[in-house]
Amino acid sequence: MRPRQRVTTGVYADQLGPPGRRLRVVATLTGGALLLAGTIAGTDDDFPFGPFRVYASANKLDAPVADTRIEGVDTAGQRLTLTEAETGIRRAEIEGQSDRFTAAPARLSTVATAYERRNPDAAPLTAIVVVVRWHEVRDGRPTGQYHDETRAVWQR
């Protein structure tokens with residue numbers, strides 16, 4: 001006689017009826033099919049069923065490393081680096097939308113609106129700039145050299 005194996009839910013595996021087993025098999029096959037479809041034809045936007053290529057690559061040891069930031073220019077002409085604290089928008093969201101901001105800089109007006117809502121006493125912004133700082137790397141170590149690339153500019 002085989003000993004009963006307890007499952008973490010407190011139910012014994014042999015107590016699961018045929019409908020429960022069918023449901024588990026269908027759920028497993030559906031999840032597997034979604035993962036396979038996402039891997040073959042998906043994009044990173046299809047998370048959690050998108051391709052896993054983001055984990056399967058590495059930068060070359062001598063390739064420059066990108067550091068994206070958002071800058072705002074207020075009515076006094078002062079240039080500010082806008083962080084999540086000032087706008088409520090995470091840097092990853094900005095980086096993920098970088099191509100869209102480049103194609104249609106008017107979309108950056110949402111960053112100005114978010115900034116002004118969080119900072120009602122601050123001077124209004126007249127411009128938003130997406131800047132990518134490319135840090136030079138040699139043999140996997142930063143050289144201290146960099147250059148900035150302006151990706152998109154929105155002006156009020």
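The protein chain in this predicted model holds five helices and four strands, and when these elements are followed from the N terminus on, they run in the order α-β-β-α-α-α-α-β-β. Of the 156 residues in the chain, 22% are buried, while the accessible surface comes to about 11400 Å², with 54% of that area belonging to carbon and sulfur atoms. Among the contacts in the chain with a separation of 6 or more, 53% are made by residues that stand 24 or more positions apart.

The end of that order, where two strands follow one another, is a good place to look next. Strand 3 and strand 4, the latter covering residues 141–155, pair in the antiparallel sense, and eleven bridges join them. The two strands form a hairpin with two residues between them, and in this hairpin aspartate 139 takes a positive phi near 55°. Arginine 138 has its bridge partner in strand 4, namely arginine 141.

Further along strand 4 the reader comes to histidine 147. Is this residue buried, exposed or something in between? Histidine 147 has a relative accessible area of 40%, and because buried means under 20% and exposed over 50%, it counts as partly exposed. Leaving aside residues up to four places away in sequence, histidine 147 touches Val132, Arg133, Trp134 and Glu136. For one of these, arginine 133, the C-alpha atom is separated from that of histidine 147 by 5.7 Å, although the two residues are 14 residues apart along the chain.

Two of the residues that histidine 147 touches, Val132 and Trp134, also appear in the lining of the largest pocket. This pocket holds about 210 Å³ of space, and its lining consists of Asp45, Ala66, Thr68, Glu95, Gly96, Gln97, Ser98, Asp99, Arg100, Val132, Trp134 and Arg151. Which elements give two or more residues to this lining? They are strand 1 (65–74), helix 3 (91–96), helix 4 (98–103) and strand 3 (125–138), and of the elements it is helix 4 that gives the most, with three residues. Sorted by character, the lining residues divide into five charged, four polar and three nonpolar. Strand 3 thus appears twice in this account, once as a contributor to the lining of the largest pocket and once as the antiparallel partner of strand 4.

Note on methods:
Residues numbered from 1 in each chain as written. Predicted model: local features only at pLDDT ≥ 70, side-chain atom pairs only at ≥ 80, totals over all residues. Heavy atoms only, no water. 1 Å grid on protein atoms, 1.4 Å probe; cavity = no way out; pocket = protein on both sides within 12 Å on 5 of 7 lines; lining within 4 Å. Points joined across faces, edges and corners; volume = space filled by probe spheres on them. Nonpolar A, V, L, I, M, F, W, Y, C, P; charged D, E, K, R; others polar. Pairing = 2+ DSSP bridges. Buried < 20%, exposed > 50% of the residue type's maximum accessible area, 1.4 Å probe, protein only. Contact = heavy atoms within 4.5 Å. Areas by Shrake-Rupley, 256 points an atom, 1.4 Å probe, with all protein chains shown as cover.
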